[in-house]
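Please take the sequence and the structure together, and follow the paragraphs below from one part of the chain to the next.

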Amino acid sequence: MKKLSLRTRVLTGAVAVAALGAGTFGAMSASASTPAAAPAAAAGADAANRNLQQTTHLTLDAATKAAQATLDAAKKENQRVSVAVVDRNGNTVLTLRGDGAGPQSYEAAQKKAFTAVSWNAPTSELAQRLTNVPTLKDIPGTLFLAGGAPVTAKGAPIAAIGVAGAPSGDLDEKFARAGVASLAR
């Protein structure tokens with residue numbers, strides 16, 4: 001068999017790569033229209049909503065209203081606090097640091113709100129559970145001190161309000177409950 005020159009081998013390789021690339025591109029182009037049809041098929045397959053779940057969320061306006069009501073309740077008692085509102089997943093919707101609130105209060109309010117929504121219970125009740133299950137406090141992002149109150153709709157948690165900065169957790173939680181109550185008005 002005759003040995004091919006370097007030039008012939010390079011050209012043959014280039015042609016082979018080009019042909020392979022063209023074939024792959026053609027296959028990809030032919031299947032590019034498939035995803036456009038997929039959403040319609042998915043929507044049709046779930047016409048009965050068997051695979052969908054609707055949830056209720058607190059709007060930003062409602063979260064702002066609740067946070068301001070919380071700060072107002074604290075101000076009436078000359079307390080300087082921070083307030084955090086989190087959604088059902090524990091993500092912070094908004095945080096307000098009241099005038100003169102301590103630097104630690106901002107993060108503590110977020111953690112109290114996260115804790116309240118995670119267990120759908122006021123954090124004062126959750127703090128009492130630590131006597132039976134002390135390892136609860138080891139869960140990242142939680143703070144088992146009074147001052148967090150869940151916001152519920154149809155019995156399920158949809159958000160929570162956390163407050164920190166008052167001299168006691170009982171006051172923090174009183175202000176958080178005021179924020180929750182403002183949502184019913």
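## A walk from helix α4 through the sheet

Ala 113 is found in helix α4, and this is where the tour of what is a predicted model begins. With a relative accessibility of 0%, under the 20% limit, Ala 113 counts as buried. Apart from neighbours within four places in sequence, the residues in contact with Ala 113 are Ala 84, Val 86, Ala 160, Ile 161 and Gly 162. Along the chain, Ala 113 and Ala 176 are 63 residues apart, yet their C-alpha atoms are separated by 9.2 Å.

Another residue of helix α4, which spans residues 103-119, is Ser 105, and its relative accessibility of 1% places Ser 105 in the buried class as well. The side chain of Ser 105 makes a polar contact with the side chain of Ser 82, at 2.8 Å. Once neighbours within four places in sequence are left aside, Ser 82 appears again among the contacts of Ser 105, together with Ala 164 and Gly 165.

From the helix we can turn to the strands. Strand β4 covers residues 156-164, and because 8 of its 9 residues are buried, this strand is largely enclosed by the rest of the structure. Strand β1, residues 82-87, pairs with β4 in the antiparallel sense over 6 bridges, while strand β3, residues 148-153, also runs antiparallel to β4 and is joined to it by 6 bridges. Ala 160 of β4 is a useful place to see both pairings, since it is the bridge partner of Val 86 and also the bridge partner of Pro 150. Between β3 and β4 there are 2 residues, the two strands forming a hairpin, and in its turn Lys 154 has a positive phi of about 55°.

Which residues have the most contacts inside the largest nonpolar core? They are Leu 58, Val 81, Val 83, Val 85, Ile 161, Val 163 and Phe 175, in a core of 21 residues. Two or more residues of this core come from each of α3 (60-76), β1, β3, β4 and α6, and α3 gives the most, with 7 residues. In soluble globular proteins, nonpolar side chains tend to be buried together. Val 85 can serve as an example of the surroundings here: not counting residues up to four places away in sequence, Val 85 touches Leu 58, Ala 63, Ala 67, Asn 91, Thr 92, Val 93, Leu 94, Ala 160 and Ile 161.

Helix α6, residues 169-182, contains Leu 171, whose relative accessibility of 21% lies between the limits of 20% and 50%, so that Leu 171 counts as partly exposed. Leaving aside neighbours within four places in sequence, Leu 171 is in contact with Glu 77, Gln 79 and Ala 166. Computed along the sequence, Leu 171 and Ala 146 are 25 residues apart, and in space their C-alpha atoms are 8.4 Å apart.

The last stop is the largest pocket, which holds about 270 Å³ of space. Its lining consists of Gln 68, Leu 71, Asp 72, Lys 75, Asn 78, Gln 79, Arg 80, Val 81, Arg 97, Gly 98 and Asp 99. Helix α3 gives the most to this lining, with 4 residues, just as α3 gives the most to the largest nonpolar core. Two of the lining residues have been named before: Val 81 is one of the residues with the most contacts inside the core, and Gln 79 is among the contacts of Leu 171.

Key
Residues are numbered from 1 along each chain as its sequence is written. This is a predicted model: local features need pLDDT of at least 70, side-chain atom pairs count only at pLDDT 80 or more; totals for chains, interfaces and linings use all residues. Side-chain values use heavy atoms; hydrogens and water are left out. Buried means under 20% relative accessible area, exposed over 50%, partly exposed in between (1.4 Å probe, protein chains only). Two strands pair if DSSP finds at least two bridges between them. A polar contact is a pair of N or O atoms within 3.5 Å; within protein, one must be able to donate a hydrogen and the other to accept it, and residues adjacent in sequence count only if both atoms are side-chain atoms. Contact means heavy atoms within 4.5 Å. A nonpolar core is a set of buried Ala, Val, Leu, Ile, Met, Phe, Trp, Tyr and Cys residues joined through side-chain atoms within 4.5 Å. On a 1 Å grid over the protein atoms alone, a cavity is a set of points where a 1.4 Å probe fits but cannot get out, and a pocket is an open set with protein on both sides within 12 Å along at least five of seven lines; lining residues have an atom within 4 Å of a point. Grid points are joined across faces, edges and corners, and a volume is the space filled by probe spheres set on the points.
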